[in-house]
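Look at the chain below and trace it from one end to the other. The paragraphs after it go from the whole chain down to single residues.

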Amino acid sequence: MNRYFFDLHNGDGPVRDEQGTRLPSREAVPREIARIVLDIARDELPVSDRTVISVRVRDETGRTISVASLIYNNEWLDRDQ
């Protein structure tokens, strides 16, 4: 199993993953990204009308191998009311 590090970037600023997560294969990385992003979104949305949550994944050598983002955008259509 390889260790992957999932650095979070959201409204609170960057949070570097120092411990990492062991996964059975590289193919498991997107599933872990989705789990992280959905957990953060559940806790943070809707804090504002626009939020960007991104996860940068590093391998054991420190090389960035993936970047994923979730953008939440709410536009009020009835501003006059």
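What follows describes the overall layout, then the core, then four residues in turn.

The model shown here is predicted. The protein chain contains one helix and five strands. Followed along the sequence, these elements come in the order β-β-β-α-β-β. The radius of gyration of the protein chain is 15 Å, well over the 12 Å that the globule rule gives for 81 residues, so the chain is more spread out than a compact globule. The extent of the C-alpha trace can be given along its principal axes, where the protein chain spans about 55 × 20 × 20 Å.

Some totals describe the chain as a whole. Of its 81 residues, 33% count as buried. The accessible surface of the protein chain comes to about 5,900 Å², and 49% of this surface belongs to carbon and sulfur atoms. The protein chain carries 12 positive and 15 negative charges, and the mean positions of these two sets are 8 Å apart. Contacts can also be sorted by how far apart the partners are in sequence. Among contacts between residues at least 6 apart, 46% join residues at least 24 apart.

Next comes the interior. In soluble globular proteins, nonpolar side chains tend to be buried together. In this model the largest nonpolar core has 15 residues. The residues with the most contacts inside this core are Y4, F6, L23, V29, I33, V55 and V57. At least two core residues are supplied by each of β1 (2–10), α1 (29–44) and β4 (50–58). The largest share, six residues, comes from α1.

One of the core residues just named, V55, serves as the first example. V55 is found in strand β4. Is V55 buried or exposed? Its relative accessible area is 1%, and the cut-off for buried is under 20%, so V55 is buried. Which residues does V55 touch, not counting those up to four places away in sequence? They are F6, D7, L8, I33, I36, V37, S66, V67 and A68. N74 gives a case of separation: it lies 19 residues from V55 along the chain, and the C-alpha atoms of the two are separated by 21 Å.

S54 is also found in strand β4. This serine counts as buried because its relative accessibility is 14%, where buried means under 20%. Leaving out residues up to four places away in sequence, S54 touches D7, L8, H9, A68 and S69. D7, L8 and A68 are among the residues touched by V55 and by S54.

I40 takes us to the helix, since its place is in α1. With a relative accessibility of 18%, I40 counts as buried. Apart from neighbours within four places in sequence, I40 is in contact with L8, N10 and I53. D7 is 33 residues from I40 in sequence, and the two are 13 Å apart in space, C-alpha to C-alpha.

The last example is E60, which sits in the loop between β4 and β5 (64–73). How does its relative accessibility classify E60? The value is 47%, so E60 counts as partly exposed; the exposed class begins over 50%. Leaving aside neighbours within four places in sequence, E60 is in contact with N2, R3, F5 and R22. E60 and E32 are 28 residues apart in sequence, and their C-alpha atoms are 16 Å apart in space.

To go over the examples once more, V55 in strand β4 is buried at 1%, whereas E60 in the loop between β4 and β5 is partly exposed at 47%.

Conventions:
Residues are numbered from 1 along each chain as its sequence is written. This is a predicted model: local features need pLDDT of at least 70, side-chain atom pairs count only at pLDDT 80 or more; totals for chains, interfaces and linings use all residues. Side-chain values use heavy atoms; hydrogens and water are left out. A nonpolar core is a set of buried Ala, Val, Leu, Ile, Met, Phe, Trp, Tyr and Cys residues joined through side-chain atoms within 4.5 Å. Buried means under 20% relative accessible area, exposed over 50%, partly exposed in between (1.4 Å probe, protein chains only). Helices (H or I, at least four residues) and strands (E, at least two) are DSSP runs, numbered from the N terminus. Contact means heavy atoms within 4.5 Å. The radius of gyration is taken over C-alpha atoms; the globule rule is 2.2 Å times the number of residues to the power 0.38. Accessible areas come from the Shrake-Rupley method with a 1.4 Å probe; for residues, only the protein chains shown count as cover. Lys and Arg count as positive and Asp and Glu as negative; His and the chain ends are not counted. The place of a charge is taken as NZ of Lys, CZ of Arg, CG of Asp or CD of Glu.
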